Amino acid sequence: MKATDALDMDSLRSWIGRTEEVSELLTSTLVERLYATLDCEGPVTEGAEAPLLIHHCLCQPAVPTSALGPDGHPPRGGFLPPVPLPRRMWAGSAINFHSAPRIGEQVTRRSIIDDVTLKEGRSGRLCFVTVSHQVYAGGREVLHERQDIVYRDVPPADTRPRASPSPAPTGAAQREIRPTPELLFRYSALTFNGHRIHYDYPYATGEEGYPGLVVQGPLQAMLLAQYAEELRGCAPARFSFRSLSPIFGEAQFTLNAREEDGATALWTAGAGGPIAMEARAEW
């Protein structure tokens, strides 16, 4: 049987064009809790601009706890297609910012499934789902995001890397981050993400075979976007990111940045490890 025979791609691709619209009030409490999670400070008064990528904390599906799967994810189907591959991750995004949402505004996310494709990777099948999000606040469009979600097989037990990845370079600007269990748990709570690999150490190591808790990709993206904003003194007009390899909790990792052709190239990396996430901010 071919790998493609195991997935009903015609059925999965029938989800293309499916839409969803969700709204939520952007409160000062959410912003205050995000700042506390990231150990930083910022304005929390009505009308103040909210921090970059806070929209990832908004409009998340409120699935009952009893309906979550063994991994903590909501059941397959609904808005996203029911891809039967067991592992799911946020592979990357490209975001165009128009303005910042403000505290006290109603935020609406309108989403559409753009594409569903199947590829073969070294570790097995990869099913990519591409979603476009238009985010509005106070009736105006504040950003457009293209999101790539990848579903994959569990890697075979005898899978070995072909070669040791090269250590990540050091950025011209660099900041150390210590991803404590408390940080990962709080970020998962803010994004209403039940995936157990981010806060349940016995599950992450015993069931999914990771060496520790997995640092969320969107958390790394948020830290990189806000770091770019801090270095330039203003928010970027465009920001994109792509996950390349995991980073695990407790051990420190770094945010790195360098100027490149008028933009800022950014990346995260663990100590002595390869690039975990690469990103680019443009003004």
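# A guided tour, starting at Glu21

Select Glu21 first: leaving out residues up to four places away in sequence, Glu21 touches Thr108, Arg109 and Arg110. Before going on, keep in mind that the model on your screen is predicted.

**Stop 1: Glu21 and its strand**

Colour residues 19-25, and you have strand S1, where Glu21 is found. Is Glu21 buried or exposed? With a relative accessibility of 53%, Glu21 counts as exposed, because exposed means over 50%. Now draw a distance from the C-alpha of Glu21 to the C-alpha of Arg109: the separation is 5.6 Å, although the two residues are 88 apart along the chain.

**Stop 2: Ala91**

Next, select Ala91, which has its place in strand S2 (87-97). Ala91 counts as buried, at 14% relative accessibility. Show its surroundings and, leaving out residues up to four places away in sequence, you will find that Ala91 touches Asp148, Ile149, Val150, Phe241, Arg242 and Ser243. For another distance, try Ala91 to Thr27: these residues are 64 apart along the chain, and their C-alpha atoms are separated by 29 Å.

**Stop 3: helix H2**

Select residues 28-37 to see helix H2. Which residues of H2 are buried? They are Leu30, Val31, Leu34, Tyr35 and Thr37. Turn the view until you look down the axis of H2: the buried residues fall within an arc of 160°, so they line one face of the helix. Those buried residues pack against H3 and H5.

Now move just past the end of the helix. H2 is followed by Asp39, a residue in the loop between H2 and strand S2. Most residues other than glycine have a negative phi. Asp39 is not a glycine, yet its phi is positive, about 55°. Asp39 counts as exposed, at 74% relative accessibility.

**Stop 4: helix H3**

Add residues 181-190, which form helix H3, and highlight its buried residues: Leu183, Leu184, Tyr187, Ser188 and Leu190. Look down the axis of H3 as well; its buried residues fall within an arc of 160°, so they line one face of the helix. What do the buried residues of H3 pack against? Their partners are helix H2 and helix H5, the latter spanning 217-232. After H3 comes Phe192, which has a positive phi, near 50°.

**Stop 5: the nonpolar cores**

Keep H5 in view and select Leu26, Leu53, Leu219, Phe239 and Leu266. These are the residues with the most contacts inside the largest nonpolar core, a group of 54 residues. H5 gives the most to this core, with 8 residues. Zoom in on Leu219: apart from its neighbours within four places in sequence, Leu219 is in contact with Leu38, Leu183, Leu184 and Tyr187. There is also a second, separate core, with 14 residues, including Leu7, Val83, Ile149 and Tyr151.

**Stop 6: a pocket**

Rolling a probe the size of a water molecule over the atoms shows where empty space is left. Turn on the surface and look for the second largest pocket, which holds about 810 Å³ of space. To find its centre, select Tyr35, Leu38, Cys40, Pro51 and Gln226, the closest to that centre of the 37 lining residues.

Which elements supply at least two residues each to this lining? Look for H2, strand S6 (173-177), H3 and H5. The largest share, 5 residues, comes from H5. If you colour the lining by residue type, you should get 21 nonpolar, 7 polar and 9 charged residues.

**Stop 7: Gly212**

Go to the loop between helix H4 (201-207) and H5, and pick out Gly212. Gly212 counts as buried, with a relative accessibility of 5%. Leaving out residues up to four places away in sequence, Gly212 touches Tyr201, Ala204, Thr205 and Phe248. Draw one more C-alpha to C-alpha distance, from Gly212 to Gly249: these residues are 37 apart in sequence and 6.1 Å apart in space.

**Last stop: Asp261**

Finish in the loop between strand S8 (253-260) and strand S9 (263-270), the place of Asp261. Asp261 has a positive phi of about 55°, although it is not a glycine. Is Asp261 buried or exposed? Asp261 is exposed, with a relative accessible area of 76%.

Definitions and conventions:
Residues are numbered from 1 along each chain as its sequence is written. This is a predicted model: local features need pLDDT of at least 70, side-chain atom pairs count only at pLDDT 80 or more; totals for chains, interfaces and linings use all residues. Side-chain values use heavy atoms; hydrogens and water are left out. Buried means under 20% relative accessible area, exposed over 50%, partly exposed in between (1.4 Å probe, protein chains only). Helices (H or I, at least four residues) and strands (E, at least two) are DSSP runs, numbered from the N terminus. The arc is that of the directions from the helix axis to the C-beta atoms. Contact means heavy atoms within 4.5 Å. A nonpolar core is a set of buried Ala, Val, Leu, Ile, Met, Phe, Trp, Tyr and Cys residues joined through side-chain atoms within 4.5 Å. On a 1 Å grid over the protein atoms alone, a cavity is a set of points where a 1.4 Å probe fits but cannot get out, and a pocket is an open set with protein on both sides within 12 Å along at least five of seven lines; lining residues have an atom within 4 Å of a point. Grid points are joined across faces, edges and corners, and a volume is the space filled by probe spheres set on the points. Ala, Val, Leu, Ile, Met, Phe, Trp, Tyr, Cys and Pro count as nonpolar, Asp, Glu, Lys and Arg as charged, and the others, Gly among them, as polar.
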